[in-house]
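Q: Please take a close look at one part of this structure, for a reader who has not seen it before. After that, please set the part in the context of the chain as a whole.

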Amino acid sequence: MRRKTKAIWIVAVALSGLFFLLGLGYGKEKPANGIYTGLLEAFDVKNEKAVFAYSLKGKVGIYISDLHGKNAKRLAEADEGEIIHHPVFSTDGKTVLYIATPEDREQVKSSLYVMNVDGSEKRKLYSIDSLITEAVFAPDSKTIYYLQAETFTNYSPIARRDAHDFDLYSLDVSGGQPKRITSMKDYMLESLTVSPDGKEVYVTKQDDQHSKTAEDIFASKHKVFRIPLGHPEKIEPVLLQGIKEDVFNVEVSPDNRWMAFNSIANPGTNENFQYEMYVLDRQTGQTRQLTHLKKHAGAAVFDERSEWIYFMWDKKFGEGDPEHEWYRVSLDGKTVENIPVVIEEGDSPN
């Protein structure tokens, strides 16, 4: 990207991001004690089990439960000054992968950990002085794909310090050095998921490839992109019929027919944005809105039979600190159920 074009892009994104967040109420002060108890957004389901990150009075752990949110047990706990997050199962459900990063955002370091599903045999797989934001298993469970930011800075005086210059990497579960798959240095890549056949990866990002001015950047949308692993340079946006707003939190069903995502359901209003769950039928090309919860439905995961979509709902979205609740919705959208998760202070590894 040429220097002038990149500068325009950075200013435009910083301004639009600032106005967007302020409009949602994110400029409000956090609680004085700064201690959060509750679910973190990212999670996974497999073999009638769920794995998720939960903060108990500010101490984050990785937990496992049944799909009703019951019988929760802690598998791993963050070290002092550390946050652990984005837990995912291997395809066979026997292994859990998660990310550890410093609690102090001024420290730029990440580690990938794997452990058995009962919390045993935990080991550090990889560590680097950069930020790894998401990681997932390939369908064969032998390879891990992850998103890594090359820089952690504030590109403008009005933008907070954050991760930028993203690319996709892979790492063998047995160890060794990672492989860089893309060379995009993208401002932001999010919502990493791998197709069931292992041939392509999906992410969400800004569709700015043809933008030349600040006006172009403001008009561009956050979309789902397909990255063919055999030819990652041929990255392309995914057509979502009828969806004109920004798209986030993409997930592909195990049968490869459905694609779940969330998008703005109330554009053009004076209210806080409401993000609802949508699904794309990849056979017909049709999209449908599944939820009407009027806050923020995100972080979707399909069950193994591709019948239900599990997701996190932020009931305080636009009002300050998040407060996530776990839900599931049927593919026809007719059944939406809340799944209460109860964590006791005594929950510990088996």
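A: In this predicted model, four strands form an open sheet, and their order is β17-β18-β19-β20. The pairing within this sheet is antiparallel. Its edges are β17, which covers residues 247-252, and β20, which covers residues 287-289. Each of these edge strands pairs on one side only. From one strand to the next, the twist averages 25°. In general, the strands of a sheet pair through backbone hydrogen bonds, in either a parallel or an antiparallel manner.

The edge strand β17 and its partner β18, which spans residues 258-264, may be examined in detail. Four bridges hold this pair in the antiparallel sense. Within the pair, F248 stands opposite N262 of β18.

A further antiparallel pair is found elsewhere in the chain. Strand β7 (residues 110-116) is joined to strand β8 (residues 123-128) by five bridges. Here S111 stands opposite S127 of β8. The two strands form a hairpin with six residues between them, and in that hairpin G119 adopts a positive phi near 90°.

The wider setting is as follows. The secondary structure of the chain amounts to two helices and 24 strands. The chain has 350 residues, of which 50% count as buried. Of the contacts between residues at least 6 apart in sequence, 42% join residues that are at least 24 apart.

Among the strands of the chain is β3, residues 59-66, in which D66 lies. The residue D66 is buried, yet it has no salt bridge. The nearest side chain of opposite charge belongs to K49 and is 6.2 Å away; because a salt bridge requires the nitrogen and the carboxyl oxygen to be within 4 Å, the pair of D66 and K49 does not count as one. The side chain of D66 does have polar partners. One of its polar atoms lies 2.8 Å from the backbone nitrogen of K70, and a polar contact of 3.1 Å joins the side chains of D66 and N71. Leaving aside residues up to four places away in sequence, D66 touches E48, K49, A50, N71 and W326.

Salt bridges are nevertheless present in the model, and their count comes to 16. One of them joins D303 to R305, with the closest N and O atoms 4.0 Å apart. The two partners differ in their setting: D303 counts as buried because its relative accessibility is 6%, whereas R305 counts as exposed because its relative accessibility is 52%. Both residues also belong to a network of salt bridges that links E48, D303, R305 and E307. The residue E48 of this network is among those that D66 touches.

Another residue, E323, takes part in salt bridges with two lysines. The side chains of E323 and K316 meet at 3.2 Å, N to O, and those of K315 and E323 meet at 4.0 Å, N to O. With a relative accessibility of 32%, E323 counts as partly exposed. The two lysines are also partly exposed, K315 with a relative accessible area of 29% and K316 with one of 31%.

Conventions: Residues numbered from 1 in each chain as written. Predicted model: local features only at pLDDT ≥ 70, side-chain atom pairs only at ≥ 80, totals over all residues. Heavy atoms only, no water. Buried < 20%, exposed > 50% of the residue type's maximum accessible area, 1.4 Å probe, protein only. Lys, Arg positive; Asp, Glu negative; His and termini not counted. Polar contact = N/O pair within 3.5 Å; in protein donor to acceptor, adjacent residues only side chain to side chain. Contact = heavy atoms within 4.5 Å. Pairing = 2+ DSSP bridges. Axes fitted to C-alpha atoms, helices over the stretch in contact; angles between N-to-C directions.
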